[in-house]
Amino acid sequence: TPLDVEDFKMIMKKCLGYHAIHDDQIEELFRKIDYSADGQIEWDEFCTYMQLKYKRIEESYMRSKHVSFSLPATFRELSHAEQILRIYFTPDQSFIMMREDGTISFWTAQLKLKRSKRLFEKHFHRKPKWVTDFTTMYQYNKFILSTGYGFYLSLTLI
C-alpha cells in the first residue's frame, strides 16, 4: 500500500530516531521520492529513487578515481626495447613498468628511474621467454607474473 507523508514521517522517525531528523527534512525527502507528485509514495517510486541515488553515489566515486594529468606533460625517451606490457601504480606513489621481454623498471612519481632489472637471461640458442601478465601482492611484498610458457613466478619486491 502507498504511504502518505504522515505515514512516511512516522516510519522515518521510528527508523532513524525521533530526534535525529526534523519534519521539514522528511517532507523534502518525501517530495523527492514522490516523482508523480500525487501525495503518496508507491513502492516503485521508492525503488526508483533508491536506484538513482546509489547510481549517483557510485558515479561520483568512480569520477574521484579518475587520473588527472599535470600539464604540460613530461616526456621521457626510453631505449628501444620490447613493448610495454603494463604500468602499475603502487600504494607508495611510485610506478612499476613491465615489458614483454621481462624487464621490470621501478619509477618514482616524478618519473625518475629507481632501478631496472631483466628477469630472464637472453639465450641465443633458445626461444625467448616473455611476460603475459603480472600483478602485485603489495601487502606481502610479492610480485606475481605469468609467462608465455605458463610459468607463474613469485618474486619478492625489493
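## Helix α1

Met10, Lys14 and Cys15 are exposed on one side of α1, where exposed means over 50% relative accessible area, buried under 20% and partly exposed in between (1.4 Å probe, protein chains only). On the other side, Phe8, Lys9, Met12 and Lys13 of α1 are buried. These four cover an arc of only 130 degrees around the axis, which puts them on the same side of α1; the arc is that of the directions from the helix axis to the C-beta atoms. An α-helix has 3.6 residues a turn, so residues three or four places apart point the same way. Among the elements covering the buried residues of α1 are β1 (3–4), α2 (23–33) and β2 (40–41).

The ends of α1 (residues 5–16) have C-alpha atoms 16 Å apart, in agreement with the 16 Å that twelve residues should span at 1.5 Å a residue. Asp4 caps the N-terminal end, with a side-chain oxygen 3.2 Å from the backbone nitrogen of Glu6. After α1 comes Gly17, with a positive phi near 95 degrees.

## Basis of the model

The model is predicted: local features need pLDDT of at least 70, side-chain atom pairs count only at pLDDT 80 or more, and totals for chains, interfaces and linings use all residues. Residues are numbered from 1 along each chain as its sequence is written, and side-chain values use heavy atoms, leaving out hydrogens and water.

## The open sheet

Four strands form an open sheet in the order β3-β4-β5-β6, with antiparallel pairing; two strands pair if DSSP finds at least two bridges between them. β3 (84–89) and β6 (113–118) are the edge strands, each pairing on one side only.

Strand β5 (residues 103–107) runs antiparallel to β6 and is joined to it by five bridges. Phe106 has Arg115 in β6 as its bridge partner.

Methods
Helices (H or I, at least four residues) and strands (E, at least two) are DSSP runs, numbered from the N terminus. The expected span of a helix is 1.5 Å times one less than its number of residues. Contact means heavy atoms within 4.5 Å. A polar contact is a pair of N or O atoms within 3.5 Å; within protein, one must be able to donate a hydrogen and the other to accept it, and residues adjacent in sequence count only if both atoms are side-chain atoms.
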